[in-house]
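Biologist: Could you take me through the inside of this protein, please? I would like a close look at the largest cavity and what surrounds it.

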Amino acid sequence: MAAKKTEEAPAPYHHGDLHAALIGATEALLAERGIEGFTLREAARRAGVSAAAPMHHFGSAAGLLTEVAILGFEELTRCLRAGTETGGTDPARRLRGQGMGYVRFALAYPARFQLMFRKDRLTQDLRLQAAGDAAFAELEQAVRDYNGWSSKKPPNRAMQAAALGAWSVVHGFAHLALDEKFGEQVGSACTNDFVESMLPEILKQFWP
C-alpha cells in the first residue's frame, strides 16, 4: 500500500530581489487604486511576503513610497535627457524636446508621476531631494541654453522665473492630459495621439 502523500509546507519565500519586488507590487497597486488606495499590507501580499517584510526594508509605508518616487525622478531625468537629444544643437528644439519628454513620462508612468509630488505621503529623504534636484537641473540647463545664459552664471530671479515657467507649462499640461480634461478638443483621437500632435504646437508658442 502506497504511503499517503503528506502535504508539504509552503517553501520559504525567496526573492532574488525583495526590494525590487516590493517596489513592483507598490507600483501595480498605485496604478490600480491610486495613492489613497495604497496599503503596505496589500503591497506585501502581492509581493508574496509577510506584512512585516516591507518594514524591515523601508521602515514604513512612506519609506516604500519614497523609493518609488526616487525611481520616478530618476526615470524623469532620463526622459528629459532623451528629449534634449532630439533637439540636436538647436536650443529651442532641445527645450521643446524636454517638454515632450516630461509629458511622455507622465503618461507612461502616471502612478509614479502623481506620487512624486505628494510630499504628504513621502519621507524627507536626501536621496529624494537629490533625485528631484537632478531632474530640475536638466530643465534649468535647457532654459539657460535657450536664453544664452552661461552655465557658470549664478541663478537670478529672471532665470528662476524662466525655469519655473517652463516647468509649470508642461506639468500643468501633463495633469490635464492624465485627468482627461481636454474633452471635445481630443475628438476621435486617444489622449496620447492628441498630446503628440498638439503639445509640439503649444511648446512652439513659448519657445519658437
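Modeller: Happily; here is a walk through the cavity, then the core and the open pocket. Please keep in mind that this is a predicted model.

The structure holds one cavity of 30 Å³ or more, and the space inside the largest cavity comes to about 70 Å³. Its lining is made up of Leu80, Leu95, Gln98, Gly99, Tyr102, Leu139, Ala166, Trp167, Val170 and Trp207. Two elements, α5 (91-108) and α8 (157-178), each give two or more residues to that lining; α5 provides the largest share, with four. In terms of class, eight of the lining residues are nonpolar and two are polar, while none is charged.

Val170, one of the lining residues, also leads us to the core, as it is touched by Val103. Leaving aside residues up to four places away in sequence, Val103 touches Phe173, Ala174, Val195 and Leu199 as well. Val103 belongs to the largest nonpolar core, which has 58 residues, and is among the members that touch the most others, along with Leu30, Phe38, Leu64, Leu76 and Leu115. Helix α4 (residues 61-86) contributes the most to this core, nine residues.

Now for the open space: the largest pocket holds about 530 Å³. Twenty residues line it, and Phe73, Lys119, Leu128, Gln129 and Gly132 lie closest to its centre. Here α4 appears again, as α4 and α7 (126-147) are the elements that give two or more residues to the pocket lining. The largest share, eight residues, is from α7. Unlike the cavity lining, which has no charged residues, the pocket lining includes three, beside 13 nonpolar and four polar ones.

How values were computed. Residues are numbered from 1 along each chain as its sequence is written. This is a predicted model: local features need pLDDT of at least 70, side-chain atom pairs count only at pLDDT 80 or more; totals for chains, interfaces and linings use all residues. Side-chain values use heavy atoms; hydrogens and water are left out. A nonpolar core is a set of buried Ala, Val, Leu, Ile, Met, Phe, Trp, Tyr and Cys residues joined through side-chain atoms within 4.5 Å. Buried means under 20% relative accessible area, exposed over 50%, partly exposed in between (1.4 Å probe, protein chains only). Contact means heavy atoms within 4.5 Å. On a 1 Å grid over the protein atoms alone, a cavity is a set of points where a 1.4 Å probe fits but cannot get out, and a pocket is an open set with protein on both sides within 12 Å along at least five of seven lines; lining residues have an atom within 4 Å of a point. Grid points are joined across faces, edges and corners, and a volume is the space filled by probe spheres set on the points. Ala, Val, Leu, Ile, Met, Phe, Trp, Tyr, Cys and Pro count as nonpolar, Asp, Glu, Lys and Arg as charged, and the others, Gly among them, as polar.
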